[in-house]
Every structure is written in structure tokens, then in C-alpha cells.
Amino acid sequence: MTKPPRKSSKPLLGDIDAPIRSQARRRRDPAQPQLLLDSMPARLDPCLALLKPRPPKGPQWAFEVKWDGYRVAVHIEPSGVRVLTRGGHDWTERFPAIAAEARRLPVSTAILDGEAVVFDERGRSDFGRLQQSLGGRGGKRTSREAVLMAFDLLYFDGHDLTGTELTSRRHLLEGLVPPGGEDAIRLSEEIDADGDTLLRIACEHDLEGIIAKDRNSTYRSGRLGDWLKIKCIQSDGFVIVGYQRSGAAFGNIGALLLAARKGAELVYVGSVGTGFKASQAMELRATMDMIKATKPAIRYSGRRKDLVWIKPTLVAEIEYRAWTHDGKLRHASYKGLREVQDNAAIFELD
């Protein structure tokens with residue numbers, strides 16, 4: 001026969017007929033936070049898209065339009081709003097409409113990742129128009145036309161989201177910036193189409209290309225392959241090392257001589273003589289004439305005449321279709337100068 005359980009010397013409730021009482025409540029220390037919050041970073045290095053020739057396959061990939069502008073992060077804090085460039089420079093005053101719209105968003109703290117763009121009459125982002133609205137390279141003008149196309153949310157109401165998968169970050173972003181808006185901050189929408197179809201449509205509408213993002217990826221700084229870019233037209237940054245004078249061209253610029261980086265050296269990759277607007281060419285010529293050099297920064301064996309060499313400090317955004325067999329750009333067109341604050345990247349040759 002089993003024995004009955006021994007009677008505890010310290011029963012849990014004592015007298016079972018006595019009413020159960022909770023402990024007396026203690027006053028909350030006002031200095032103690034109610035929730036564990038993540039400290040807000042002063043800035044984050046952006047996640048960058050890796051260039052690929054074709055869109056990836058598989059259900060884990062989400063697709064968006066590739067915007068052509070300046071990469072910025074919008075920091076919303078109790079003390080105010082900051083608009084930071086990719087290089088960490090504060091351009092809040094240069095994008096007043098974006099900053100004003102950020103103050104109206106229904107959130108106390110947040111970091112939005114996106115692209116500041118200016119649209120043309122067909123609704124396409126136009127890098128040249130963005131630069132003109134800012135007063136050109138080195139200009140100090142404010143751009144009231146610029147719109148932020150927001151595509152990621154990195155910090156939200158006291159919580160760091162960089163370790164959260166993209167699907168969850170997008171869900172929160174869509175609640176904060178609803179699609180279809182016409183304000184200075186708009187949602188860069190995911191498009192429900194396979195990559196090949198979307199790329200074809202983007203190219204038919206003369207867009208720059210598309211972006212593919214791994215839905216399961218966390219937010220990692222650098223170019224690690226979580227995000228991919230597939231372009232209709234190639235577009236990269238090249239150093240201007242000189243120009244050819246021409247009395248018949250805008251700003252007397254017949255062509256710009258371009259270089260890419262190969263290891264520690266600059267290598268000549270051809271020239272560009274199209275894409276200039278009159279006012280743009282005059283400003284560019286004045287800028288180049290202030291940094292003339294006595295000798296070229298590259299090895300040059302071409303036959304062009306009336307060449308003026310400059311110090312290799314200006315980085316031009318150049319569109320091109322392909323490369324020639326001897327390593328020169330084909331069908332190149334000038335788009336504008338990249339800003340140092342935008343971490344102007346120079347194309348690197350293998």
C-alpha cells in the first residue's frame with residue numbers, strides 16, 4: 001500500500017480556506033525603462049547591391065525598380081531629423097522637403113534607407129535633374145524637388161531591425177510609408193513579377209534597371225550579394241583625367257578623357273563626348289580649368305590633339321553599352337559628376 005504524501009512543514013498556501021493575496025505592489029522607478037530598447041546608431045554603412053548580368057530565380061527573391069539618385073538614410077529622433085548621405089555627410093538642409101515629410105511620419109524614432117531622386121516628365125528618376133536641382137557638383141543649392149524612395153527600415157520605435165529578415169522590415173515600412181503616396185517620402189514598392197519579365201519592362205520604359213533582394217536576408221553593410229542589381233544600361237563612375245578642346249561644342253569640351261582604377265594605378269578607358277547640356281558643360285569646364293595638371297595621370301598613347309590634362313579628382317557618372325576588345329567604353333554618355341559625399345566609387349578593372 002502506498003504511503004500518503006508527507007505534510008509539508010511550509011505549505012505553499014497555508015490554510016487552504018484563507019483568501020489568496022498578491023504581493024504588495026512596489027512603485028516603479030521612473031528611471032527604469034519599461035521595455036528593453038536598442039540604442040540608435042549615429043549612422044549605418046548601407047547594404048549595397050552586387051551587379052549581375054541576369055535576374056536571379058527562386059521565390060526568395062523580391063524585385064523593385066532601380067532608382068537613379070543619391071543613396072541617403074533618414075534618421076528620425078526626438079531631437080530632430082537628419083538626412084545623411086552614403087558617406088555620412090549631413091544633407092538635411094539640402095533636402096528640406098524630405099526632412100519636413102519625415103517629421104510628419106507617425107513614429108518617434110526610425111531610420112529609413114532609400115534613394116533621393118528627382119523625376120522627369122515621364123516619371124523616371126533622372127540623376128542629371130537631381131544634380132541640377134542641387135546646383136551641380138559642389139553646389140550648395142537646396143533641392144525642393146527631391147523625393148525619397150524608401151525601400152528599407154533599419155530602426156523603428158527604439159528597436160534595431162538590422163538583424164531582422166527583410167520580409168518583416170518591409171512589413172513595418174509599408175505600415176509607416178503606405179504605397180501610392182505623392183509626398184516627399186514614398187514607398188519603393190515590391191513588384192509582383194518574375195525578374196526576367198520585370199527587367200524587360202524596365203528596359204522598354206528606359207529605366208536604369210531592377211534590384212533583387214533576398215527576402216530572408218538580414219541587413220548587412222557592404223556588397224555581399226543579399227541585394228543584386230541588374231541594369232538595362234551599364235552606368236559606373238570614372239575619373240576625368242583631361243578633356244579635348246573644341247570650338248564647336250558646349251563649354252568647348254569636345255570630349256572628356258576617362259580612367260578606371262586597376263590596383264593602385266589609373267588606366268585610360270576611353271572618352272565621352274555626348275550627354276552634356278550647355279549650362280552643365282560650362283560649369284564643368286570652369287571646374288576643370290581650376291585643377292589643370294602639367295602631365296597626365298595616365299599612360300596615354302592616343303592621337304587626339306588639343307588635350308588639357310587635369311588632376312584626377314572629378315568622378316563622372318557614365319552610361320555605356322559595352323566594352324571594346326581593347327578595354328575601352330562603347331557608346332558612352334555623360335550623366336553628371338558624382339559627389340564626394342556620395343562616396344563616389346571609381347570603376348575597378350579586374
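Trainee: What does the accessible surface of the protein come to, and how is that area obtained?

Mentor: The accessible surface comes to about 19900 Å², of which 50% belongs to carbon and sulfur atoms; accessible areas come from the Shrake-Rupley method with a 1.4 Å probe, and for residues only the protein chains shown count as cover. This is a predicted model, in which local features need pLDDT of at least 70 and side-chain atom pairs count only at pLDDT 80 or more, while totals for chains, interfaces and linings use all residues. Residues are numbered from 1 along each chain as its sequence is written, and side-chain values use heavy atoms, with hydrogens and water left out.

Trainee: Why is the pairing of Glu-208 with Lys-66 called a salt bridge?

Mentor: A salt bridge requires a side-chain nitrogen of Lys or Arg within 4 Å of a carboxyl oxygen of Asp or Glu, and here the closest N and O atoms are 3.3 Å apart, so the pair qualifies.

Trainee: What makes Glu-208 and Lys-66 count as buried or exposed?

Mentor: Buried means under 20% relative accessible area, exposed over 50%, and partly exposed in between (1.4 Å probe, protein chains only). Glu-208 has 10% relative accessibility and therefore counts as buried, and Lys-66, with a relative accessible area of 13%, is buried too.

Trainee: Why is the contact between Asp-206 and Arg-122 also a salt bridge?

Mentor: Their side chains meet at 3.5 Å, N to O, which means that the cut-off for a salt bridge is satisfied.

Trainee: How many salt bridges does the structure hold?

Mentor: The structure holds 24 salt bridges, including the one between Asp-152 and Arg-169 (2.8 Å, N to O), where both residues are buried.
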